[in-house]
Amino acid sequence: MQTGKSDEETAQFEAFLARRGYRVAPVTVEHDDYVFACVYERADAAGKRRTLEAYLPHLDLALDAYERMSQELFARQIPQILLIHANEINADSLDATLQRLRERGYRFITLDEALADPAYASPTAASKQFGSSWLARWARALNKKLSFYGQPDPSGWVAERYAAECR
């Protein structure tokens with residue numbers, strides 16, 4: 001989630017939200033579901049099946065990346081907060097997505113339970129232009145070098161279709 005290009009802009013944005021009773025849910029797992037969503041929404045039935053077949057393996061790549069970032073940053077797995085946009089592909093694949101998460105050992109907790117983890121009290125850096133994972137923001141704020149900063153972008157035919165039809 002993009003919250004500001006500078007620390008000052010981020011503080012102003014978060015204060016604006018707080019004055020209106022909102023709080024920021026610090027997303028640690030973002031898996032480019034919007035890319036797959038656009039391709040999916042423009043596809044015929046066969047294309048939808050093909051997109052779904054590529055979608056969950058990409059989620060696995062994202063989870064692998066963010067779990068590794070958590071381990072490198074905190075020397076343990078923190079409770080992850082997954083960003084899931086409201087769209088057709090997520091509606092059609094939610095059961096499979098949740099099952100995939102369970103199979104990986106995830107369990108579902110409230111936002112308050114996740115935020116109680118000490119990792120979420122870590123200092124954060126501004127998101128800059130793009131809304132990177134809080135794991136990357138924490139690493140920047142703590143001057144900690146990670147081996148990478150997020151999941152690989154979708155590739156192959158999904159990326160080609162997105163570039164051609166969705167940008």
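This tour moves through a predicted model, going from its nonpolar core to one helix, then to a disulfide and a loop residue.

**The core.** Begin by selecting Leu73, Phe74, Ile78, Leu135 and Trp138, which, among the 34 residues of the largest nonpolar core, touch the most other members. Then colour helix 2 (33-41), helix 3 (45-74), helix 4 (88-103), helix 6 (134-141) and helix 7 (156-165), each of which supplies at least two residues of this core. Of the contributions to this core, that of helix 3 is the greatest, at nine residues. Keep Phe74 selected and show its surroundings: leaving out residues up to four places away in sequence, Phe74 touches Ala119, Ser122, Leu135 and Trp138.

**Helix 6.** Next, select helix 6, which is mostly covered, with six of its eight residues buried. Which residues of helix 6 are the buried ones? They are Trp134, Leu135, Ala136, Arg137, Trp138 and Ala139, and if helix 3 is displayed alongside, the buried residues of helix 6 can be followed as they pack against helix 3. At the N-terminal end of helix 6, select Ser133, which acts as a cap there, with a side-chain oxygen 3.0 Å from the backbone nitrogen of Leu135. Beyond the other end, move on to Asn143, which follows helix 6 and has a positive phi, near 55 degrees.

**The disulfide.** Now display the cysteine side chains; a search of the whole structure finds one disulfide, and this bond joins Cys38 to Cys166 with an S to S distance of 1.9 Å. The pair links distant parts of the chain, since Cys38 belongs to helix 2 whereas Cys166 lies in the segment after helix 7, 128 residues apart. The link of Cys38 and Cys166 is left-handed, with -100 degrees about the S-S bond. Are the two cysteines buried or exposed? Because the cut-off for buried is under 20% relative accessible area, Cys38 counts as buried at 9%, and Cys166 counts as buried at 18%.

**A loop residue.** Finally, select Ala25, in the loop between helix 1 (7-19) and helix 2. Its relative accessible area is 28%, so Ala25 is partly exposed. When neighbours within four places in sequence are set aside, Ala25 is in contact with Leu111 and Trp134, and the second of these, Trp134, is among the buried residues of helix 6 visited earlier. To close, draw a distance between the C-alpha atoms of Ala25 and Leu115, which are 90 residues apart along the chain and separated by 8.6 Å.

Methods:
Residues numbered from 1 in each chain as written. Predicted model: local features only at pLDDT ≥ 70, side-chain atom pairs only at ≥ 80, totals over all residues. Heavy atoms only, no water. Core = buried A, V, L, I, M, F, W, Y, C linked by side-chain atoms within 4.5 Å. Buried < 20%, exposed > 50% of the residue type's maximum accessible area, 1.4 Å probe, protein only. Helix = DSSP H or I, 4+ residues; strand = E, 2+ residues; numbered from the N terminus. Contact = heavy atoms within 4.5 Å. Polar contact = N/O pair within 3.5 Å; in protein donor to acceptor, adjacent residues only side chain to side chain. Disulfide = S-S within 2.5 Å.
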